[in-house]
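Trainee: Could you take me through one part of this model up close, and then show me what lies around it? I work at the bench, so plain words would be welcome.

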Amino acid sequence: MSTIQNNIDVIAAQGILPLYFITDETISVEILKTLYKAGIRAVEYTNRGIEALSNFKKMVAVRNATLPGMLLGIGTIKNLEQAKDFQNAGADFIISPGFIPEVADFLKSKAILYTPGCMTPTEIIAAENTGIKFVKLFPGNILGPDFLTSIKDIFPDLVFMTTGGVETTHASIQGWFDAGASAVGLGSKLISKKRMEEQDYDVIESETRKMLEIIQTIRK
């Protein structure tokens with residue numbers, strides 16, 4: 001099995017993809033450890049500040065030393081230079097808010113999973129035609145599960161995740177899974193700015209465990 005397919009399978013099996021960014025390196029690392037402890041094996045760190053790259057390098061080092069089996073990806077990649085920087089830093093997968101053909105081509109040459117954000121059938125077709133297998137529907141709160149229901153049959157070979165506006169409730173997550181999503185991205189609703197700043201790792205861990213339990217319940 002290719003690494004790309006394996007990484008898609010890990011994210012889809014997990015059902016949720018926690019995503020976060022904070023400027024503080026230590027807190028970034030501690031949240032990663034907390035998510036691992038809760039049972040998470042794929043995390044998206046987001047490129048939303050000048051500290052992101054150096055924080056990410058530290059997170060990769062900690063992961064390599066103490067968190068076996070954890071996939072660490074980077075999100076909010078908007079150009080080829082950023083993609084190259086984080087690929088060099090050891091990203092297992094790269095996610096962007098939109099579809100960037102040159103990033104797709106570069107990561108394909110490196111055999112690294114690229115998940116572009118798409119909002120229209122035109123964008124999804126363009127992504128699929130470059131060999132993309134895993135698409136992020138973004139922003140999910142604007143598109144809604146009905147959008148995925150409407151297009152799913154046109155793209156039988158694609159795996160879909162949605163990010164943006166997903167609530168940490170059984171109903172919200174089930175709505176997306178019923179529509180055909182294989183995973184949902186959970187950012188501020190799960191790892192809020194307040195929880196990060198207050199270093200409330202116990203709450204992040206317990207809430208993450210709850211999300212994984214919800215996924216298991218839905219899939220039963």
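Mentor: Let's begin with F93, which stands opposite L113 in β5. F93 belongs to strand β4, residues 93–96, and strands here, like helices, are DSSP runs numbered from the N terminus (E, at least two residues, for strands; H or I, at least four, for helices). Please keep in mind that the model is predicted, with local features needing pLDDT of at least 70 and side-chain atom pairs pLDDT 80 or more, while totals for chains, interfaces and linings use all residues. Residues are numbered from 1 along each chain as its sequence is written, and side-chain values use heavy atoms, without hydrogens or water.

The partner of β4 is strand β5, residues 113–118, and the two pair in the parallel sense over four bridges (pairing takes at least two DSSP bridges). Between the two strands the chain runs through helix α5, residues 101–109, in a right-handed β-α-β crossover (clockwise from first strand over helix to second, with the strands pointing away from the viewer). Strand β4 is covered on both faces: F93 and I95 on one side, and I94 and S96 on the other, are all buried (under 20% relative accessible area with a 1.4 Å probe, protein chains only; over 50% is exposed, and in between is partly exposed).

Following the chain out of β4, you reach F99 in the loop that leads to α5. Beyond its neighbours within four places in sequence, F99 is in contact with A104, Y114, P116, G117, C118, A126, A127, T130 and I132 (heavy atoms within 4.5 Å). F99 also has its C-alpha 9.7 Å from that of K136, although 37 residues separate the two in sequence.

A little beyond K136 comes another spot to look at: the peptide bond from F138 to P139 is cis, with omega near -5 degrees. Most peptide bonds are trans. P139 sits in the loop between β6 (134–137) and α7 (140–151). Helix α7 then meets helix α8, residues 170–179: their axes come within 7 Å and cross at roughly 45 degrees, so the two helices are oblique to each other. On the α7 side the contact is made by G140, G144, P145, L148 and T149, and on the α8 side by G175, W176 and A179.

Two more loops are worth a visit. N47 is in the loop between β2 (42–46) and α3 (52–66), and counts as buried because its relative accessibility is 16%. Leaving out residues up to four places away in sequence, N47 touches A52, I74, G75, T76, I77, Q82 and F86. One of those partners, T76, has a positive phi of about 60 degrees without being a glycine. Most residues other than glycine have a negative phi. T76 is placed in the loop between β3 (71–75) and α4 (80–88), and is buried too, at 14% relative accessibility.

Now compare Q199, another non-glycine residue with a positive phi, near 55 degrees. Q199 lies in the loop between α9 (193–197) and α10 (201–219). At 44% relative accessibility, Q199 counts as partly exposed, whereas T76 counts as buried.

Note on methods:
Axes are lines fitted to C-alpha atoms, for helices over the stretch in contact, and angles run from 0 to 180 degrees between N-to-C directions. Angles under 35 degrees count as roughly parallel, over 145 as roughly antiparallel, 65 to 115 as roughly perpendicular and the rest as oblique.
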